[in-house]
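User: I am a first-year student, and I would like a close look at a single part of this structure. Could you pick one residue and then lead me outward from there to what surrounds it?

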Amino acid sequence: MTNFDESKTKINLARAFAGECQDGARYQFLAKLAMEEGYAYLQSIFKTHAKNEMAHAQRFYNLLADNSECKQKNVDMSGGYPFAKGTLIESIKDTIDTEKSQSDVVYPDFAKVAEDEGFPDIAKAFRFAGSVENCHKLMLEQIYVKLKKNKLYKSPTAIKWKCSNCGFEHTAKTPWESCPSCELPQGYVEIHIDMTSGD
């Protein structure tokens with residue numbers, strides 16, 4: 001087993017912690033943008049994703065602290081971190097690319113290094129985080145396609161729509177413009193995500 005304080009895994013944990021903190025912040029920015037564009041339910045999805053990212057950050061922070069032999073004042077590292085600004089749909093596209101990179105490249109690579117250096121629990125933590133990033137990517141792809149095709153609140157068949165504020169439900173091809181029960185706008189309607197389809 002490699003000495004943790006001299007390992008690449010230590011640096012990778014620090015990079016992962018920094019990246020997850022930034023992802024959490026970016027999802028908060030995305031949530032604010034969704035609300036500004038009238039999509040309150042999307043805001044709640046993005047806030048949940050931000051919470052997930054911060055949970056990953058906490059896990060990586062704890063692994064870094066628990067495995068180090070001495071208290072760390074600083075861990076020198078370098079890494080590329082995305083910075084982009086745009087409309088809601090542009091920001092979702094950028095976030096899809098970030099999540100894809102993490103799930104398909106970054107975390108599998110970090111897990112392999114940790115495994116090779118003799119840190120199977122850390123390798124497992126990287127793999128678990130990567131699997132969540134993949135779920136985020138799949139959900140964002142659904143939202144992106146629906147927004148791009150103007151189908152966020154349209155269905156080819158009648159389905160049950162639900163107000164995320166008051167719980168009112170109605171079955172139709174499209175939901176209401178404003179909830180008949182609490183009168184909040186359409187952006188509060190829960191959207192349907194089908195993780196097995198591209199539409």
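Analyst:
**A close look at Ile89**

Ile89 lies in helix α3, which covers residues 88-116, and everything said here refers to a predicted model. Ile89 has a relative accessibility of 26%, and because buried means under 20% and exposed means over 50%, Ile89 counts as partly exposed. If residues up to four places away in sequence are set aside, Ile89 touches Tyr144, Leu147 and Lys148. Arg127, by contrast, is 38 residues from Ile89 in sequence, and their C-alpha atoms are 28 Å apart in space.

Ile92 also makes contacts beyond its neighbours within four places in sequence, namely with Leu30, Phe46, Leu140, Ile143, Tyr144 and Leu147. Ile92 is one of the residues with the most contacts inside the largest nonpolar core, which has 25 residues, and the others named with it are Leu42, Phe46, Leu88, Ile143 and Ile191. The elements that give two or more residues to this core are α1, α2 (40-67), α3 and α4 (120-148). A second core, separate from that one, consists of 17 residues and includes Phe4, Ala16, Phe119 and Phe126.

Helix α1 deserves a look of its own. Its 29 residues (8-36) should span 42 Å at 1.5 Å a residue, and its end C-alpha atoms are 42 Å apart, so the two values agree. At the N-terminal end of α1, Ser7 acts as a cap, with a side-chain oxygen 3.5 Å from the backbone nitrogen of Thr9. After α1 comes Gly38, whose phi is positive, near 90 degrees.

Notes: Residues numbered from 1 in each chain as written. Predicted model: local features only at pLDDT ≥ 70, side-chain atom pairs only at ≥ 80, totals over all residues. Heavy atoms only, no water. Helix = DSSP H or I, 4+ residues; strand = E, 2+ residues; numbered from the N terminus. Buried < 20%, exposed > 50% of the residue type's maximum accessible area, 1.4 Å probe, protein only. Contact = heavy atoms within 4.5 Å. Expected span 1.5 Å × (residues − 1). Polar contact = N/O pair within 3.5 Å; in protein donor to acceptor, adjacent residues only side chain to side chain. Core = buried A, V, L, I, M, F, W, Y, C linked by side-chain atoms within 4.5 Å.
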